[in-house]
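Here's a quick look at aromatic rings and what sits around them. Have the structure open while you read.

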Amino acid sequence: MTGSERTYRFGSFALEYQTGLLYHGGELVSLPPKVSRTLLLLVENHGKVVAKEVLLQYVWPDAFVEEGNLHHNVSVLRKLLQSNGCPVARIDTLPKRGYRFVGEVTLVESEANEPNQPAVRAEQLSAAIEPPTALPDPPSTAGRKRQWFIAAGLATVLCLGLVGAFIFSSRTSAGTERGAVPASSIAVLPFSNFSSDPQGDYLADGLADELINALTRVPGLNVVARTSSFQFKGKPVDLRRVGAQLQARMILEGSVQKDGNRLRVTAQLIDAATGFHVWSQRFDRQFDDIFVIQDEICQSIANALSAHLPGPAGVLPPRPRTANVEVYALYLRGIKEWNRRSRAGVKTGQEFFERALALDATYAPAWAGLADIFLDSALWGILLPGDAFPKARAAAQRAIELDGQLPAAYTTLGYIQGWHERNHQSAKVSFRRALDLSPNYSSGRQRFANYLSALGRHEEAIGEYRRALELDPISPTANSGLALVFFWARQYDRAIEQCAKTRDLDPQFPLTYYYLAHSLEQKHKYDEAITALQEGTRLWGSTDGMMLAELYAAAPGHRQEGLARLEKIRTNSGGGETQPYQMALIYAALGDRETALHWLERSSREGDVWALYANVDPRLDLLRSDPRFRQLLKRLGAGKG
């Protein structure tokens with residue numbers, strides 16, 4: 001009986017089905033048998049997802065092997081396709097599912113003797129292609145006592161896997177051209193929530209946050225900040241493009257699946273420069289053991305990376321924890337709400353933090369989160385400065401008392417000491433302590449930069465923002481913040497240019513338009529400034545017209561509109577919307593020195609954060625020759641920076 005001899009052709013390659021031999025341009029390509037079998041199954045099912053389990057069973061039918069062997073085979077094949085210039089074919093990774101060969105494949109059949117083994121069709125494997133949804137049964141009560149030992153074993157495997165991965169990465173990057181992204185840069189993408197409950201997002205986000213926080217404490221490692229890496233949450237991503245945008249060589253991604261008290265956490269490491277999938281690990285545990293999983297993953301990753309950094313990571317300080325996992329869950333929900341950066345998020349976040357502390361008043365991270373909530377309440381006018389700042393200080397101080405290793409608590413404390421209390425020496429100590437604890441803490445650098453700029457130390461502030469943007473390259477907050485520092489430094493053209501860059505990153509971010517309007521006003525481009533400010537107000541959803549009142553008052557031909565808006569603000573002032581610093585700006589724009597000084601004095605007395613910016617704000621230049629203004633700056637300590 002005769003049959004057909006199959007040959008699969010893609011690009012300049014030809015793969016014989018019966019023999020598994022691969023030819024390139026007519027020349028035989030030397031491939032290990034297991035690599036050849038991997039390619040054969042992927043090509044046979046080109047355009048379809050082949051599950052990892054199916055590949056493992058097909059390539060190693062008589063042996064149990066780790067997924068790392070499969071990842072190695074795929075990496076070899078990807079390198080082969082790339083090095084031989086095969087643009088029409090590639091192998092995609094489908095996280096948590098498997099691999100897919102993508103490209104035009106032509107099947108050539110010729111008559112031959114009895115064929116070898118039958119083809120493996122994707123239709124026959126359809127049940128295995130979809131990711132499993134059932135979690136394993138939880139261990140018995142007695143078995144849970146052994147979980148700490150199991151965690152240690154998992155951590156060892158994890159560490160060895162990552163060390164091997166980074167040795168591989170170092171070798172592949174040895175010939176990288178000058179200026180390429182170094183292997184010592186990593187981004188942690190938001191983990192996927194595979195739980196049936198959408199509320200599981202807080203757990204997925206929280207685990208990614210913990211990994212970021214731990215890795216930022218490794219000296220010499222550049223870790224992309226949360227605000228940039230989380231821009232890709234819920235979006236299909238091309239990891240090479242992500243790596244280029246974030247300036248990160250290594251990408252860590254994963255998923256979390258929670259079912260009752262059962263938990264499955266997976267993580268995988270990918271070289272963004274090559275697309276090679278170099279490591280993955282899965283943990284099936286109890287939710288009660290979330291801290292064990294979290295700590296072991298963080299320490300193992302830090303140890304693995306430190307082997308390729310200037311100095312060892314050492315043993316990372318233990319993360320503050322609570323014995324009550326419900327407290328931790330409430331804390332993660334508070335963080336998720338706070339990261340919404342909205343009034344509603346601040347309110348809901350405060351509720352979650354307070355509920356967590358009601359159950360465990362010794363949990364330092366929840367105190368640090370509450371301090372940030374009260375700080376933002378003052379900055380956004382939700383609470384009066386005199387009410388918000390003492391609460392923020394008390395919460396930050398309590399967090400530090402419980403755990404002196406929290407950079408966020410020191411940053412918040414420095415902010416309060418500098419802007420509200422005007423104790424500049426203490427503020428600088430607190431900011432420096434935060435950055436010593438975590439040199440990669442982008443938010444801390446941004447807040448410190450804003451403080452330096454208010455003191456007139458603009459070049460230092462710009463330097464801090466440049467460093468923050470290395471860590472947080474596509475964050476609209478960081479990019480627009482640099483534009484504001486340019487504005488305070490009176491470098492208006494650079495500010496306008498920076499606003500344009502930020503707008504390209506996120507055209508819906510309202511602060512960009514506010515800061516753009518400030519600089520356009522100083523360039524006397526009033527109509528453009530009004531348009532920009534109106535757009536920012538629309539995006540913010542604000543009904544407060546104080547900034548527009550100042551701009552109309554300053555713009556020639558719009559003074560009457562400015563006065564009309566001022567009158568409306570006066571009428572509505574009983575609603576608590578009047579902000580003394582903004583009132584000072586309006587009267588300065590109208591040329592009314594006395595009333596402007598009155599409101600500025602009130603701003604200073606109330607501890608308004610913005611009062612310190614009177615030191616550098618060009619919109620208050622009308623007042624600079626007045627001795628009372630100079631005396632006010634002296635009381636603010638603006639010259640002591």
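A charge counts as sitting over a ring when NZ of Lys or CZ of Arg is within 6 Å of the ring centre and within 35 degrees of the ring normal. In this predicted model, Arg 226 fits that description: its charged end sits over the ring of Phe 230, 3.9 Å from the centre. Arg 37 does likewise with Tyr 58, its charged end being 4.4 Å from the ring centre.

Now for rings facing rings. The count comes to 14 aromatic pairs, taking ring centres within 6.5 Å as the rule. Two of those pairs look like this:

| Pair | Centre to centre | Angle between planes | Geometry |
|---|---|---|---|
| Phe 10 and Phe 13 | 5.6 Å | 20° | stacked |
| Trp 419 and Tyr 613 | 6.3 Å | 50° | tilted |

Are the two Phe residues buried or exposed? Phe 10 has a relative accessible area of 1%, and because buried means under 20%, Phe 10 is buried. Phe 13 also comes out at 1%, so Phe 13 is buried by that cut-off too.

What does the tilted pair of Trp 419 and Tyr 613 tie together? Trp 419 belongs to helix 15 (residues 407–420), while Tyr 613 is in the loop between helix 26 (593–605) and helix 27 (627–636), so their pairing joins parts 194 residues apart in sequence. Both Trp 419 and Tyr 613 are buried.

That pair also has company: ring pairs link Trp 419 and Tyr 613 into a cluster whose members include Tyr 415, Phe 431, Phe 448, Tyr 451, Phe 487, Trp 488, Tyr 492 and Trp 610.

Note on methods: Residues numbered from 1 in each chain as written. Predicted model: local features only at pLDDT ≥ 70, side-chain atom pairs only at ≥ 80, totals over all residues. Heavy atoms only, no water. Phe/Tyr/Trp six-rings, centres within 6.5 Å; stacked < 30°, edge-to-face > 60°. Buried < 20%, exposed > 50% of the residue type's maximum accessible area, 1.4 Å probe, protein only. Helix = DSSP H or I, 4+ residues; strand = E, 2+ residues; numbered from the N terminus.
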